[in-house]
Amino acid sequence: MRYLNEYRDPALARTLVRQILQTATRRWVLMEVCGGQTHTIVKQGLDELLAPAVEMIHGPGCPVCVTSLEQIDKALLLAARPDVLFTSFGDMLRVPGSECDLQQIRARGGDVRVVYSPLDALALAIRHPDKQVVFFAVGFETTAPANAMAVWRARELGVGNFSVLVSHVTVPPAMIAILDSPENRVQGFLAAGHVCSVMGWTEYEPIAERYRVPIVVTGFEPVDILEGIALAVRQLEAGRHEVENQYVRAVRRAGTPPARDLVYRVFELADRKWRGVGMIPRSGLALRPEFSDFDAELRFGLGSMEVDEPAECRAGEVLRGTLKPFQCPAFGGRCTPERPLGAPMVSSEGACAAYYNYGRHRAAIAPES
Amino acid sequence: MAVIVSAGPSCPVPLVATDRIQLGHGSGGKMSAALLRDRFLPHLGNAVLNQLGDAAVLPVHGGDIAMSTDTFVVSPVEFPGGNIGSLAVHGTLNDLAMMGARPLCLTAGFVLEEGLDMALLDRVLASMAAAASAAGAPVVSGDTKVVERGKADQLYINTTGIGVLRPEFRPAPDKARPGDAVLVSGPIGSHGMAIMAAREGIAFEAAIESDAATLFPLVELLRKAVGDSVHVLRDPTRGGLASALNEIAAASQVGVVLDDGALQVPGPVASVCDLLGLDVMYVANEGVLVAFVEASAAQPALAALRRHPLGRSAVIAGTAVAAHPGLVVLRTGLGGTRIVDMLPGDQLPRIC
Amino acid sequence: MCLGIPGRIVDIRGDRGLPMGTVDFGGVRREVCLAYVADEVKPGDYVVVHVGFAIATVDEAEATRTYEMLREMSLLDELSAPQ
């Protein structure tokens with residue numbers, strides 16, 4: 001596909017690897033925010049190839065991983081109801097709640113369906129007026145415009161049997177929380193490209209300034225990631241700390257304003273608990289009061305819940321970047337993709353799953369250079 | 001509240017219009033006989049089946065026979081490039097072929113849901129007949145049951161195949177050896193993506209057709225070209241190439257190293273995989289085989305595959321190695337390596 | 001996060017007031033909501049699609065320019081790099 005496959009060209013990638021290795025005079029610590037970027041890095045062995053020049057710490061950019069245990073448990077409660085047709089993106093199906101997951105609810109008779117787009121969920125609601133269709137609205141700012149439109153259209157078309165269970169999170173507060181942490185070692189960031197396609201990059205300018213860290217808006221293909229890292233390393237070597245855009249083909253400084261606008265007409269900032277990290281103030285999106293009719297938590301009377309994480313799961317430290325997955329004592333033993341303790345082992349974007357699925361052999365094989 | 005009249009048991013007098021399967025079709029009485037006579041035999045009939053005995057009588061060959069069974073529950077029942085019927089024939093006969101056996105015949109058991117559209121049944125049976133005929137393996141015994149509406153997803157088919165083994169050609173999953181070349185007979189991902197693209201809720205319009213086909217001709221070409229230099233044969237169906245290679249690596253206790261650039265993926269298949277976030281290595285194939293071949297025989301084996309339309313795009317995709325036994329590793333275009341692991345369950349479309 | 005794939009708009013129409021279009025991704029087509037880019041696009045343009053929505057237009061001029069720069073750099077690099 002055009003504007004995609006060219007950015008997988010091994011020759012271009014090799015050039016960028018060489019450039020990074022030549023430019024770096026010391027080993028820099030960078031964080032890629034987005035799970036899709038983690039996926040590419042580990043899948044292509046980029047961290048292996050860049051090891052002398054860069055240490056990549058994987059950030060909490062996996063909305064699946066950071067959806068709080070409470071929200072998962074609420075989803076499971078709803079999905080188990082006989083009057084509910086529960087719809088979700090595929091990512092959420094195997095994320096463990098306190099007792100089980102959505103796939104198990106489906107096996108026990110719950111009507112749980114994977115959809116590609118929130119508009120598909122709305123279409124199901126229109127087609128099944130006898131059922132309550134609930135959509136699990138998770139994601140970062142990238143997905144918020146789609147979820148917002150589903151709610152907006154539901155109101156416009158008067159679809160009374162549609163509601164959403166919201167678990168949206170936003171990136172900048174998470175970056176700030178990481179930078180504020182006393183254990184922080186991150187010196188530069190690759191910002192999430194598609195989040196910025198929607199939101200632009202103005203929110204990152206004060207962060208770069210205040211914490212003196214380069215932030216490079218980066219895409220998702222191997223050439224994009226390497227170019228982003230190259231730009232970040234160049235800034236660090238030169239002592240600069242600016243917001244730079246690698247992903248020029250898909251990101252403008254102002255983002256896509258109509259999308260931003262609808263997001264903030266339907267949603268508002270709210271405090272949000274990040275699984276494994278804890279409460280980050282004003283880091284989530286919740287439905288505005290005028291759309292509360294479409295809030296599944298209100299419609300089905302789901303109050304607040306307090307749920308404890310399994311003590312052994314150290315997802316929080318992994319998500320904050322202070323622990324590498326293979327340093328966790330449970331990694332690969334008591335915690336595997338088949339029997340996960342926490343979300344980063346389940347989600348295909350999670351750092352633990354990425355390491356387990358792609359990288360756990362590194363001790364057994366000497367990396368090629 | 002209106003009084004709800006219960007539907008109750010259906011009227012036992014059969015309706016004249018038989019455009020849908022009814023419970024009576026499974027009763028063993030006249031309706032069953034009529035279904036067999038009017039629907040099944042016209043498609044699948046042959047000298048053995050037409051006798052309608054309780055069992056098929058087959059001549060016994062000196063030596064070993066191979067026998068394989070599989071049950072097909074695919075949904076949607078019809079998909080671009082085939083349907084559950086053609087799949088049921090190809091799938092079982094291919095399992096025989098992967099053992100090195102020449103397919104001899106098949107049995108077919110059907111579970112039909114009450115309300116199944118007869119025209120659909122006709123299309124499925126016609127496909128089965130065509131597939132069996134193309135493979136030279138008739139259906140010699142069959143059975144049909146009908147279950148109530150809701151107890152089956154339109155129809156399920158079980159096929160059991162019997163094949164004849166040659167003593168000198170016995171590929172097996174535990175026979176791979178370090179140094180073997182790993183050959184893949186064609187482009188990967190078509191079957192699974194044809195099904196996925198047709199699923200409700202996903203609904204992509206894609207020029208992707210299932211690749212379901214009988215693989216025995218390819219196996220024969222390999223056998224004639226390089227004989228028992230073929231150590232392992234496997235058709236990477238459910239779980240895709242990744243799962244098949246992992247099973248072989250584990251059974252033979254060898255490592256496998258794959259070359260990322262060698263694998264062929266049709267454009268639209270790659271596009272849908274990108275759109276849904278799926279890895280083509282895990283997508284089912286029904287017209288592709290993987291062969292582990294003695295290194296010295298790799299080139300003649302490749303040439304043999306390429307002589308057949310199904311093997312036109314055959315490639316040498318990798319090597320078996322002594323290192324990291326049981327692990328399959330992919331070498332990327334950049335020189336990095338990564339594991340190609342088994343998945344715990346199905347691949348799911350993702351947004352992340 | 002965020003699978004966003006570039007695709008080419010084939011046609012644009014309205015669905016009860018909501019701008020929708022058929023987008024082609026390397027031979028695969030799907031219905032996509034174009035509400036957020038409707039003012040900027042026409043058939044033949046490329047957009048980035050995430051969960052059935054166009055979230056941004058592809059700046060083809062910028063893409064070409066930066067890609068060509070990268071390729072030139074790579075060619076020079078391949079010529080001068082020790083093999």
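Two strands count as paired here if DSSP finds at least two bridges between them. The legends below all show a predicted model.

**Figure 1. Strand β8 of chain B meets strand β3 of chain C.** Here β8(B), residues 205-206, and β3(C) run antiparallel and are joined by two bridges. Look for B:Ala206, which sits opposite C:Val28 of β3(C). Zooming out to the whole B–C contact, chain C brings 11 residues and chain B brings 14. On the chain C side, β3 (residues 28-33) gives the largest share, with three residues. That side of chain C is made up of seven nonpolar, two polar and two charged residues.

**Figure 2. Chain A against chain C.** In this view 38 residues from chain A touch 34 residues from chain C. Plenty of helices pitch in on the chain A side: α1, α2 (35-43), α7 (118-127), α8 (144-157), α10 (193-199) and α13 (257-266) each put in at least two residues. Sorted by class, the chain A side has 22 nonpolar residues, 10 polar ones and six charged ones.

**Figure 3. Helix α1 of chain A and its cover.** Start with the length of α1(A), which spans residues 10-23. Its 14 residues should span 20 Å at 1.5 Å a residue, and the end C-alpha atoms are indeed 20 Å apart, so the two values agree. Which residues of α1(A) are buried? They are A:Leu12, A:Ala13, A:Thr15, A:Leu16, A:Val17, A:Gln19 and A:Ile20. The cover over these buried residues includes α3 (46-50), β2 (54-61) and α12 (222-238) from chain A itself, along with α1 (60-80) of chain C. This same helix of chain A also gives at least two residues to the side that touches chain C.

**Figure 4. A:Tyr3, ahead of the opening helix of chain A.** A:Tyr3 lies in the segment before α1 (10-23) of chain A. Its phi is near 65°, a positive value in a residue that isn't glycine. Most residues other than glycine have a negative phi. Is A:Tyr3 buried or exposed? It has 22 other C-beta atoms within 10 Å, so A:Tyr3 is buried; the cut-off for that label is 20 or more.

**Figure 5. The two domains of chain A.** The domain assignment splits chain A into domain 1 (1-311) and domain 2 (315-359). Their centres, taken over C-alpha atoms, are 18 Å apart. Across the boundary, 27 residues of domain 1 are in contact with 21 residues of domain 2. On the domain 1 side, α2, β2 and α4 (63-66) of chain A each give two or more residues. The largest share there, six residues, belongs to α2(A). Split by class, the domain 1 side has 14 nonpolar, eight polar and five charged residues.

**Figure 6. Chain A as a whole, for context.** Pull back from the close-ups and chain A shows 17 helices and 11 strands. Its C-alpha trace spans about 65 × 45 × 40 Å along the principal axes. A compact globule of 369 residues would have a radius of gyration near 21 Å, and chain A has 21 Å, so the two agree. Of those 369 residues, 59% count as buried. Among contacts in chain A between residues at least 6 apart in sequence, 78% join residues at least 24 apart.

**Figure 7. The two domains of chain B.** The assignment for chain B gives domain 1 as 23-55 + 64-164 and domain 2 as 173-339. Their centres, over C-alpha atoms, lie 28 Å apart. The contact draws 20 residues from domain 1 and 19 from domain 2. On the domain 1 side, α2 (84-98), β4 (102-113) and α3 (118-135) of chain B each supply at least two residues. Here α2(B) has the largest share, with eight residues. By class, this domain 1 side has 12 nonpolar residues, seven polar and one charged.

**Figure 8. Two backbone spots in chain B.** The peptide bond from B:Ser75 to B:Pro76 is cis, its omega near 0°. B:Pro76 lies in the loop between β1 (65-72) and β2 (78-79) of chain B. The other spot is B:His324, in the loop between β12 (315-321) and β13 (328-331) of chain B. B:His324 isn't a glycine, yet its phi is positive, at about 35°. With 18 C-beta neighbours inside 10 Å, B:His324 counts as partly exposed.

Conventions
Residues are numbered from 1 along each chain as its sequence is written. Chains are lettered from A and ligands numbered from 1 in the order in which they are written. This is a predicted model: local features need pLDDT of at least 70, side-chain atom pairs count only at pLDDT 80 or more; totals for chains, interfaces and linings use all residues. Domain bounds come from an automatic or database domain assignment. Two residues are in contact if their C-beta atoms, placed from the backbone, lie within 7 Å. Helices (H or I, at least four residues) and strands (E, at least two) are DSSP runs, numbered from the N terminus. Ala, Val, Leu, Ile, Met, Phe, Trp, Tyr, Cys and Pro count as nonpolar, Asp, Glu, Lys and Arg as charged, and the others, Gly among them, as polar. The radius of gyration is taken over C-alpha atoms; the globule rule is 2.2 Å times the number of residues to the power 0.38. A residue is buried if 20 or more other C-beta atoms lie within 10 Å of its own, exposed if 12 or fewer, and partly exposed in between; C-beta atoms are placed from the backbone. The expected span of a helix is 1.5 Å times one less than its number of residues.
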